[in-house]
There are 2 protein chains.
Amino acid sequence: MLMKPIALLLQDPSHPQAQVCSACEVRRSALFGALDAVSLERIHDDIAAPHLEAGDRVYALGQAGTALYTVRSGIVRFERVTAAGERRIVRLAGRGDLIGLEALLHKPYADDAVACTPLQLCRIPRLLVGRLGQENEDLLTEVMRRWQRALEQAEAWVAELAAGPARRRVLRLLMLLEHHADLQGLIWLPRRDDMGAMLNLTVETCSRVVSQMRREGILEILPPSQARLDGARLAAAAQTQDAS
Amino acid sequence: MLMKPIALLLQDPSHPQAQVCSACEVRRSALFGALDAVSLERIHDDIAAPHLEAGDRVYALGQAGTALYTVRSGIVRFERVTAAGERRIVRLAGRGDLIGLEALLHKPYADDAVACTPLQLCRIPRLLVGRLGQENEDLLTEVMRRWQRALEQAEAWVAELAAGPARRRVLRLLMLLEHHADLQGLIWLPRRDDMGAMLNLTVETCSRVVSQMRREGILEILPPSQARLDGARLAAAAQTQDAS
DNA sequence: CGAGCCGTTGAGGGGATTCAAGCTCAGTGG
DNA sequence: CCACTGAGCTTGAATCCCCTCAACGGCTCG
């Protein structure tokens, strides 16, 4: 059978998902960046692209997961309730990240995954990855890369965000959020209680520290839930903080 | 070619490592538990079984890793230095755990890995896993399972050990160490400064809390660096702590 | 316009840190 | 044999940072 040229294939209206995938701005960094166009063709029908609002839940802890998700835009937080009954946010995922990997292992999800901002996802059924993985070595390597990435982020969270004085924790969080800034250079500024759940601080302390930084010109608050950072002052403040 | 019976194969003195592997007490839970005896035969020559003392380093952050390790006995800690220059322990690994997974991806190690107790390891060259992985689907699944396990442990660390009052953090740490208890029911009791690096507390605070728990009969300190836990009192103390 | 959510600010108290001193114990050498 | 030493652990006292409790303001929405 003759194979169509890739350009035509990806514009074929009989493969509506083809256009989404080929146009996907995160394809280079996304899971299926490891696939060639021919492999890509076969998967279009299986992928949905749900859209969520801030606060919506992607999946729930304990749920028997049958899919993973690529984050095309927006930020996802992973949270769980501690043995002491407190809500804690243990990690964030952003554009290009692959979440819900545990579904591949037929394990229930290990956390609640919640949208922090409006969210564009690609829903990838577990079986699809299993099928492709048998033929395509690179795909499995790519999956393992994502696992390692998540692990490193979780460890960095322990080291950088869970320790030190309140001001330093907030500074480090802002530096992390800076990496998820949108095209206009705006960051998502979490609600104070979410900050608290991330940094292990109270709402009041978060509010005080953020307000202080606003007065110092480190950030400019732009409702709703956004802010513009002054990178230079932020870096300077972090420097000062770490020196002490 | 005729295959030898497994029992003979594994006792074959021409495969000295065969005896170690077949007798390995962690084989059921170890990486190569996914392999059959025939596959197992081929790998013996490639595996070394180093022995380390407490304080020795398994590998260093940034090192270009060419091997992963199975922990046959003992406890390993993963530590890194924060941007603020403080040493932080971000995770532990114990018997049956597979460490240094990032070597599979040709990435440098993400942390320092240090022996907390005398340590028996199996050193598994990266190339060996790559070779076996191409033939054996289950092996790769098993590797991914380890990755997920490490991720869940890191997230649990954030949620349970990095938050709450000092007494609760120490209680939770003891409950974690309880899972790594040896045959006599003794746990590894970290030095106070290591506890501090795990729980984000000062040496003095750790000392005060541990001493208090010793007076309460929750634990009995047995130098060097060991202790016997009173499981019931520990659980009761944790219960009380979480209720508040 | 009142209700409710979210953020902010103040005052007071508490738990961890800081600073400091003394303790135990193993190793060393006179 | 024992004084000496240093590392690790413990304890005390003072300080400080964050938490708790409380009140208030801005905003959205019914």
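On the other side of α8(A) from its buried residues, E204(A), S211(A), Q212(A) and R215(A) are exposed. That helix is a good place to start, since α8(A) gives the most to the surface near DNA strand C, with six residues. Please keep in mind that this is a predicted model. Below you will find the helix, the two DNA strands, the contact between the chains, and a few backbone details worth a look.

**A closer look at α8(A)**

- The buried residues of this helix are C206(A), V209(A), V210(A) and M213(A).
- These four cover an arc of only 95° around the axis, so they sit on the same side of α8(A).
- Their packing partners are α6 (166–178), α7 and β10 (219–222) of chain A.
- The length of α8(A) fits expectation: at 1.5 Å a residue its 13 residues should span 18 Å, and the end C-alpha atoms are indeed 18 Å apart.
- After α8(A) comes G217(A), which has a positive phi near 80°.

**Around DNA strand C**

- There are 15 residues around DNA strand C, and those that come nearest are S207(A), S211(A), P165(B), A166(B) and T205(B).
- S211(A) thus appears in two roles, as one of the exposed residues of α8(A) and as one of the residues that come nearest to DNA strand C.
- Three elements each supply at least two residues of this surface: α7 (192–199) and α8 (203–215) of chain A, together with α8 (203–215) of chain B.
- By class, the surface near DNA strand C holds five nonpolar, four polar and six charged residues.

**Around DNA strand D**

- Here too 15 residues surround the strand, with P165(A), A166(A), T205(A), S207(B) and S211(B) coming nearest.
- Two or more residues come from each of α8 of chain A, α7 (192–199) of chain B and α8 of chain B.
- For DNA strand D, α8(B) gives the most to the surface, with six residues.
- The surface near DNA strand D is made of five nonpolar, four polar and six charged residues.

**Where the two chains meet**

- Chain A brings 36 residues to the contact, and chain B brings 36 residues.
- On the chain A side, β5 (87–93) and α5 (137–161) each supply at least two residues.
- The largest share of that side, 14 residues, comes from α5(A).
- Sorted by class, the side of chain A that touches chain B has 18 nonpolar, five polar and 13 charged residues.

**Chain A as a whole**

- Chain A contains nine helices and eleven strands.
- Of its 244 residues, 39% are buried.
- Among contacts in chain A between residues at least 6 apart in sequence, 69% join residues at least 24 apart.
- The average pLDDT of chain A is 87, and 81% of the residues score at least 70.
- Residues 1–14 of chain A are another matter: pLDDT stays under 50 there, and the model has twelve contacts for them beyond four places in sequence.
- Where pLDDT is low, the predicted coordinates should not be read in detail.

**T66(A), a loop residue**

- You will find T66(A) in the loop between β2 (57–59) and β3 (67–73) of chain A.
- T66(A) counts as partly exposed because 13 other C-beta atoms lie within 10 Å.
- Beyond its neighbours within four places in sequence, T66(A) is in contact with A103(A), P125(A) and R126(A).
- P165(A), 99 residues away along the chain, has its C-alpha atom 41 Å from that of T66(A).

**Backbone details between β10 and β11**

- Most residues other than glycine have a negative phi, and most peptide bonds are trans.
- In chain A, the peptide bond from P223(A) to P224(A) is cis, with omega near 0°, and P224(A) is found in the loop between β10 and β11 (226–229).
- In chain B, the bond from P223(B) to P224(B) is cis, with omega near 5°, and P224(B) lies in the loop between β10 (219–222) and β11 (226–229).
- S225(A) has a positive phi of about 60° although it is not a glycine; S225(A) is in the loop between β10 and β11 of chain A.
- With 16 C-beta neighbours inside 10 Å, S225(A) is partly exposed.
- S225(B), in the loop between β10 and β11 of chain B, has a positive phi near 60° and is partly exposed, with 16 other C-beta atoms within 10 Å.

How values were computed
Residues are numbered from 1 along each chain as its sequence is written. Chains are lettered from A and ligands numbered from 1 in the order in which they are written. This is a predicted model: local features need pLDDT of at least 70, side-chain atom pairs count only at pLDDT 80 or more; totals for chains, interfaces and linings use all residues. A residue is near a molecule or strand if its C-beta atom, placed from the backbone, lies within 6 Å of it. Ala, Val, Leu, Ile, Met, Phe, Trp, Tyr, Cys and Pro count as nonpolar, Asp, Glu, Lys and Arg as charged, and the others, Gly among them, as polar. pLDDT is the predictor's confidence in each residue, from 0 to 100. Two residues are in contact if their C-beta atoms, placed from the backbone, lie within 7 Å. The expected span of a helix is 1.5 Å times one less than its number of residues. A residue is buried if 20 or more other C-beta atoms lie within 10 Å of its own, exposed if 12 or fewer, and partly exposed in between; C-beta atoms are placed from the backbone. The arc is that of the directions from the helix axis to the C-beta atoms.
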